[in-house]
Number of protein chains: 2
Amino acid sequence: MKRAALIAIGSELLRFDRPDTNTVWISGRLDRLGVETVSRVSVSDEPVVIASALRAAVEMADVVILTGGLGPTDDDRTRQALALALDRPLERDPAREVLLRARFSAIDLPWSDRQARQAWRPAGARWIENKVGSADGLCIEPADTTIVALPGVPSEMRPMLTEHLSTWVGDVDKSTMARSTFRIFGHGEAGVDERLSDLYDEPGIDVTILSAPGEVEIAVRSVADRRETAETQLEVVRGAVLTRFTGDAYVDEDRSLAGIVGDLLAGRGETLAAAESCTSGLLAAEITTVPGSSVWFRGGWVVYSDELKTRLAGIDPEVLEQHGAVSEPVARRLAETVREGCAADWGIGVTGIAGPGGGSQDKPVGLVHVALASARGISHWQTIRPGDRDWVRRRTVSFALDRLRRKLIGAGS
Amino acid sequence: MKRAALIAIGSELLRFDRPDTNTVWISGRLDRLGVETVSRVSVSDEPVVIASALRAAVEMADVVILTGGLGPTDDDRTRQALALALDRPLERDPAREVLLRARFSAIDLPWSDRQARQAWRPAGARWIENKVGSADGLCIEPADTTIVALPGVPSEMRPMLTEHLSTWVGDVDKSTMARSTFRIFGHGEAGVDERLSDLYDEPGIDVTILSAPGEVEIAVRSVADRRETAETQLEVVRGAVLTRFTGDAYVDEDRSLAGIVGDLLAGRGETLAAAESCTSGLLAAEITTVPGSSVWFRGGWVVYSDELKTRLAGIDPEVLEQHGAVSEPVARRLAETVREGCAADWGIGVTGIAGPGGGSQDKPVGLVHVALASARGISHWQTIRPGDRDWVRRRTVSFALDRLRRKLIGAGS
């Protein structure tokens, strides 16, 4: 199986407490071609640092992709680092400079000598045309490795990569890969792990589990000599997972749970409204990440304060006093009244303790009540899973959407 | 200035389209000690790959920190990689095994031979006690470099790092650093860049700009021989930034815009309610990320469909017909009615076109109307910034909160 190492260049990537997104995006593309990413690195823009990272990358991978540091400023030092690491001179390419000047004059941008830096390349490098910006990419193939340098601006890098990646990667049929991602709602990581443990030893199959709020994600990779074999192996595993988690798993990695719920509702011509306490709009916001959700989502209430639970949902202050805001009767009443108040076919009511404060022995942080109202009546679920505020709220959104999904596919409660 | 290189180990880190969080967290800690992170890498768990990454890290840094791969399973290969890269034999430490066995029996966990793998170390390595889990860390100091390997589980890694980091880093006073982050709302990246450009050439000062939805983040690092000099330099830059962006900048990097708004409201004993169309709950969700926000945030409506704009906010269908749902009169009416309907001191109304569909020549994607109602009357703002759906919605949340913040500090519109 071919191996890739990815290098993101730029001190600014290390200055903020945020990760680089280019390398993550590229590794997703490589994955689809059956190429394994063995390293993703963000480095400062010092040539010696870039050169060290590049030498390590060449040791471990067949394809090395660098992003960033190809522009005209003093901080752009990727071409110097390539020359340094590969021990090749940097050469000015007069033909490329002519082309660059023409590009600048075509869009009425002033030319400066700085811009001419973008016409230099390590000896033997080929240009990769940038159709969006001014910094062209470079491709060098010393010995068995293909090294590609691309600009760091995603809108420039992505089309260049998309156009050429299969050429850089070359023939991957000798050992190839198929992959799929499953997501399971309503089971913990340990439970999923146990149900799948026998698959871990299947030859050519690689199962990885990752826990996210309210769901467990399962990545399955199948490696074989031929694509068909890899795909057949993957199908067997997919079947095994689906059987073990009937009604739980959904497969398409590009779709969200909200999108699936939306398709089910739209298919029935039905609509939804939500009344949220602890999630405070996060459920409605997640639902409307789906473009076109206005067809099936009406809106709802954020009833964060108890006063609004009474004002908007008509919940008797005595009920709040007696059962507390985080209780079954409150969740039921929220679902019922938001359904009526928003003239929707389905109403969801959510109330819980997101923390960090507000928990008690009886009602700990992580306790959530969810109710679902339709013309057929009201269903209610209670769940407790401790976690931090953000985690509890995200998990509650997934939990509520998954209950609705199960109702809609008739998988019951 | 001392330099660090960070290595996260584990194929699972590369399997999902998600970045590693341990190295990002550690680089934040190093920053505070005045140590610059020059490389952050995630690598697969093959010893040769880890060893290549480790050799590159030693070339470029004074301190190398590895996380992950120290446990008892077959996938845990960090100690082998350390031995390989540093060319030292792996040795069993009988004393550590006794200690491990005692730890297991103390908490009634069954001992297995696998667990004994955690008592092996490259020759010359010192143990770093793990007080939470079973995998102890390792510290090796070949030549001028300090290499530290820690477990990958954040709840085990973080206390170990917090306890020992200053020891591993050693004396950093020879060249030290102070840093601060500013955030500016209501200016584009180019505008901020221009206003700060003269600061870029200040010796010892390093200014980096990063654009996020609705805000521009500015990281300032000041490097000098002595801490006091670095801090004085930083203060000068801080003053310059604050002067140039009076009313715009806020400094404390650990606080959110919603938290600042909340403090201002709580200080005045006032409350807030929101009526959201395009943001569909995202504003309410962002507000309630602040623990204790129930003191000043009541809740509100998600009026995603036009029907709910009429039902909940009493907006005349003729107004919707005549001006459209994304219009000044609708935003004003939302702010006014949600303030009344939720009995709050302040009401925010938000309506806009988040895309990808729904835009037109007159009302393009990115057009947003925000209104703010109080006892003193209603203010309205219109803004257009194209972007993808998520970006437009997040930017709208920041924009609305910043308008409220300005009103509350009396910075006008």
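Is Thr279(B) buried or exposed? With 31 C-beta neighbours inside 10 Å, Thr279(B) counts as buried, because 20 or more such neighbours are enough for that label. Keep in mind as you read that this is a predicted model.

## Around Thr279(B)

Let us stay with this residue for a moment. Thr279(B) sits in a loop of chain B, between strand E13 (272–276) and helix H11 (282–287). Not counting residues up to four places away in sequence, Thr279(B) touches Val350(B), Arg393(B), Thr396(B) and Val397(B). One of these partners, Arg393(B), is 114 residues apart from Thr279(B) along the chain, yet their C-alpha atoms are separated by 5.3 Å.

## Chain A as a whole

Now take a step back and look at chain A. It has 14 helices and 17 strands. Along its principal axes, the C-alpha trace of chain A spans about 80 × 55 × 45 Å. Of the 413 residues in chain A, 48% are buried.

The chain also brings together parts that are separated in sequence. If you take the contacts in chain A between residues at least 6 apart in sequence, 65% of them join residues at least 24 apart.

Chain A is divided into domain 1 (3–169), domain 2 (176–250) and domain 3 (257–408). How far apart do the C-alpha centres of domain 1 and domain 2 of chain A lie? The distance between these two centres is 35 Å.

## Where the two chains meet

Chain A and chain B touch each other, and the contact takes 56 residues from chain A and 56 residues from chain B. Which element gives the most to the side of chain A that touches chain B? That is helix H3 (residues 47–60) of chain A, with eight residues. By class, the residues on this side of chain A divide into 28 nonpolar, 17 polar and 11 charged.

Met60(B) is a good residue to find on your screen here. It lies in helix H3 (residues 47–60) of chain B. Leaving out residues up to four places away in sequence, Met60(B) touches Val48(A), Val49(A) and Ser52(A) in chain A, and Arg3(B), Ala5(B), Val38(B) and Ser39(B) in chain B. Met60(B) and Arg3(B) are 57 residues apart along the chain, and their C-alpha atoms are separated by 7.6 Å. Met60(B) counts as buried because it has 22 C-beta neighbours inside 10 Å, and the label needs 20 or more.

## Two helices side by side

Two packed helices are described by the angle between their axes and the distance between the axes. In chain B, the axes of helix H2 (residues 22–32) and helix H7 (residues 154–169) come within 12 Å and cross at roughly 20 degrees. Angles under 35 degrees count as roughly parallel, so H2(B) is roughly parallel to H7(B). The crossing of H2(B) and H7(B) is right-handed.

Which residues meet here? From H2(B) come Asn22(B), Ile26(B) and Arg29(B), and from H7(B) come Pro154(B), Met157(B), Leu161(B) and Leu165(B). Sorted by class, the contact of H2(B) with H7(B) has five nonpolar, one polar and one charged residues.

## Backbone details worth a look

Most residues other than glycine have a negative phi, and most peptide bonds are trans. The table lists two residues of chain A with a positive phi.

| Residue | Phi | Loop in chain A | C-beta neighbours within 10 Å |
|---|---|---|---|
| Asp87(A) | about 55 degrees | between helix H4 (78–86) and strand E4 (90–92) | 10 neighbours |
| Ser280(A) | near 45 degrees | between strand E13 (272–276) and helix H10 (282–287) | 28 neighbours |

Which of the two labels, buried or exposed, goes with each residue? Asp87(A) counts as exposed, because it has 10 neighbours and the limit for that label is 12 or fewer. Ser280(A), with 28, is buried.

The peptide bonds have something to show as well. In chain A, the bond from Gly355(A) to Pro356(A) is cis, with omega near 0 degrees. Pro356(A) is placed in the loop between strand E15 (346–352) and strand E16 (367–374) of chain A. In chain B, a cis peptide bond joins Gly355(B) and Pro356(B), with omega about 0 degrees. Pro356(B) lies in the loop between strand E15 (346–352) and strand E16 (367–374) of chain B.

Note on methods: Residues numbered from 1 in each chain as written. Chains lettered and ligands numbered in written order. Predicted model: local features only at pLDDT ≥ 70, side-chain atom pairs only at ≥ 80, totals over all residues. Helix = DSSP H or I, 4+ residues; strand = E, 2+ residues; numbered from the N terminus. Axes fitted to C-alpha atoms, helices over the stretch in contact; angles between N-to-C directions. Parallel < 35°, antiparallel > 145°, perpendicular 65-115°, else oblique. Left-handed = near helix turned anticlockwise from the far one by under 90°. Contact = placed C-beta atoms within 7 Å. Nonpolar A, V, L, I, M, F, W, Y, C, P; charged D, E, K, R; others polar. Domains from an automatic or database assignment.
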